[in-house]
Amino acid sequence: MCDADYKFTYIDIGSYDKSSDSIICKTSALYNQLSKGELVIPAGGPLEGGKLFPYVILADQGFVMSENLITPYGSKGLSDEKTSFNYRLSGQGGALNVHLE
């Protein structure tokens, strides 16, 4: 996992290469803390217009969305707005994958 500046904030080492991302995530200490509400996440902050938004973790569709874990919408019959959201979300993951190589 990395922050908005692509600096690593969490690394999980030791999973089998053939394991799916969602299995690796669900067996990690990070996910365990997140699902129990024990992960220390900063309080939300204001964005444009002053509305408060929580900090979130961006994930791919192999993960289950939760309060602090955002995943893409399902891929069939999406509105233009949801398609745009998925495109922007997947772009962030692509940037991290380049960072890992």
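**Notes on a predicted model**

1. Let me start with Leu 39. Setting aside residues up to four places away in sequence, Leu 39 touches Leu 30, Gln 33, Leu 34 and Ile 57. Please keep in mind while reading that this is a predicted model.

2. Three of those partners turn up again in the core. The largest nonpolar core has eight residues: Leu 39 itself, together with Leu 30, Leu 34 and Ile 57, and also Cys 25, Ala 59, Phe 63 and Leu 69. As background, nonpolar side chains tend to be buried together in soluble globular proteins.

3. Leu 34 and Leu 39 also belong to the lining of the second largest pocket. The other lining residues are Tyr 31, Ser 35, Gly 37, Ile 41, Val 64, Ser 66, Glu 67 and Asn 68. By character, the lining splits into five nonpolar residues, four polar and one charged. The space in this pocket comes to about 160 Å³.

4. Now for the overall layout. The protein contains three helices and four strands, and, read from the N terminus, the order of its elements is α-α-β-β-β-β-α.

5. Ser 28 is worth a look if you are browsing the loops. You will find Ser 28 between α1 (21–26) and α2. Is Ser 28 buried or exposed? Its relative accessibility is 5%, so Ser 28 counts as buried, the cut-off being under 20%. Beyond its neighbours within four places in sequence, Ser 28 has contacts with Tyr 10 and Asp 12.

6. Gly 44 sits in another loop, the one that links α2 (29–36) to β1 (45–46). With a relative accessibility of 34%, Gly 44 counts as partly exposed, because that class runs between the 20% limit for buried and the 50% limit for exposed.

7. Which residues does Gly 44 meet, leaving aside its neighbours within four places in sequence? Its contacts are Leu 52, Phe 53, Pro 54 and Tyr 55. For Tyr 55, the C-alpha to C-alpha distance from Gly 44 is 5.7 Å, with eleven residues of separation in sequence.

8. Finally, some totals for the protein. Of its 101 residues, 16% are buried. The accessible surface is about 8,100 Å², and carbon and sulfur atoms account for 55% of that. If you take the contacts between residues at least 6 apart in sequence, 27% of them join residues at least 24 apart.

Notes
Residues numbered from 1 in each chain as written. Predicted model: local features only at pLDDT ≥ 70, side-chain atom pairs only at ≥ 80, totals over all residues. Heavy atoms only, no water. Core = buried A, V, L, I, M, F, W, Y, C linked by side-chain atoms within 4.5 Å. Buried < 20%, exposed > 50% of the residue type's maximum accessible area, 1.4 Å probe, protein only. Contact = heavy atoms within 4.5 Å. Helix = DSSP H or I, 4+ residues; strand = E, 2+ residues; numbered from the N terminus. 1 Å grid on protein atoms, 1.4 Å probe; cavity = no way out; pocket = protein on both sides within 12 Å on 5 of 7 lines; lining within 4 Å. Points joined across faces, edges and corners; volume = space filled by probe spheres on them. Nonpolar A, V, L, I, M, F, W, Y, C, P; charged D, E, K, R; others polar. Areas by Shrake-Rupley, 256 points an atom, 1.4 Å probe, with all protein chains shown as cover.
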